[in-house]
Amino acid sequence: MLLKITPSTEVYLPVADRLSFNKSLELRVLRRYLEIRRGERVLDVACGTGYWTQKLAAAHGCTAVGIDLSEDDIAAAQRHHGMHCTYLVSPAEALPFPTESFDKVISVCALEHFTSDTAALSEIARVIKPGGILGISVDSMSGPFVTESYRKWHAREHSVRNYYDHDSLRRKLQAAGLQPLEHQYLLTSRFTSWAFRLNRRHRMLGILLIPFLYPLSRFCDGLNGKHDGGLILALKAKKLVPA
């Protein structure tokens, strides 16, 4: 995470990435979806500062490429997380890669921010090899514990253009030539909804409290049973093989 100290000075804090309230949970689910094998080529769409991109490369022995629209984030990624990884400044709607050049693609809570989610998914589908896998998470902000006022605040504060449920995301993926295989709503309980809002409204306080909030959140989510909504939606999709 880049922490702005002054208008012209930013400091990179990797501890903020490690203690993200939701990223570690999302990555655990998406890594299971992707089943990355050694030597595969993986694209991280909207990689930010590259912390998790390098984690994937180190854990699975794959070649990871990260793209992001932020020049500052990519510069931080190149400085701090460049081992076995390549980083490029690029919009998701126009990926600078040949067709069918990646085995797997991962995107963590980014689609909702893109200028055109349709164009981004089309580009992701283009660069995945036939039979390749996309693991994606998106902001959903659905479920009984999410108020409309919070949805509006969150969208305004974090430049969210769209929220998704399973049906709306499934339709967009299918239109791009990607077949949804399985999905899971994450962060589903009343306590988690409260903790997530605390983390977003009071970032540094939330980071300090993560060691207490995270296990309580996982416990409460586990008690919540079957989930028909949640703050985040994770989904696995496969690129269709031409007949």
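This is a walk through the structure above, from the whole fold down to single side chains.

Keep in mind that the model is predicted, so local features need pLDDT of at least 70, side-chain atom pairs count only at pLDDT 80 or more, and totals for chains, interfaces and linings use all residues. Residues are numbered from 1 along each chain as its sequence is written, and side-chain values use heavy atoms, with hydrogens and water left out.

Let's start with the big picture. The protein has nine helices and nine strands; these are DSSP runs numbered from the N terminus, with at least four residues for a helix (H or I) and at least two for a strand (E). Of its 243 residues, 50% are buried. Here "buried" means under 20% relative accessible area, "exposed" means over 50%, and "partly exposed" is in between, using a 1.4 Å probe and protein chains only. Now look at contacts, meaning heavy atoms within 4.5 Å. Among those with a separation of 6 or more, 74% link residues 24 or more positions apart.

Next, find strand E7 (128-139). Nine of its 12 residues are buried. On one side of the pairing story is E6, which runs parallel to E7 over six bridges; DSSP has to find at least two bridges before two strands count as paired. Strand E9 (residues 232-239) pairs with E7 as well, but antiparallel, through seven bridges. Ser137 takes part in both pairings: Val108 is its bridge partner in one, and Ala234 in E9 is its partner in the other.

How do you get from E6 to E7? Helix H5 (residues 117-127) completes a right-handed β-α-β unit with these two strands. Right-handed means that, with the strands pointing away from you, the path from the first strand over the helix to the second runs clockwise.

Now for some charged side chains. The whole structure has seven salt bridges, each one a side-chain nitrogen of Lys or Arg within 4 Å of a carboxyl oxygen of Asp or Glu. One of them joins Lys129 to Asp103, with the closest N and O atoms 3.2 Å apart. Because Lys129 is in strand E7 and Asp103 in strand E6, the pair ties together parts that are 26 residues apart in sequence. Lys129 is partly exposed at 32%, while Asp103 is buried at 17%. Another salt bridge links Lys172 and Asp117 (3.4 Å, N to O). Lys172 sits in helix H7 (residues 166-175) and Asp117 in helix H5, so this pair connects parts 55 residues apart in sequence. Arg126 and Glu123 make a salt bridge too, at 2.8 Å, and being three residues apart in H5 separates them by about one helical turn.

What about backbone angles? Most residues other than glycine have a negative phi. Glu100 has a positive one, near 55°, and is found in the loop between strand E5 (85-89) and strand E6 (102-108). Met141 also has a positive phi, near 50°, in the loop between E7 and helix H6 (148-157). Their surroundings differ: Glu100 is partly exposed at 39%, but Met141 is buried at 1%.

Finally, how many disulfides does the structure hold? Zero, where a disulfide is a pair of cysteine sulfur atoms within 2.5 Å. Cys109 is buried at 13% relative accessible area, and Cys220 is partly exposed at 23%.
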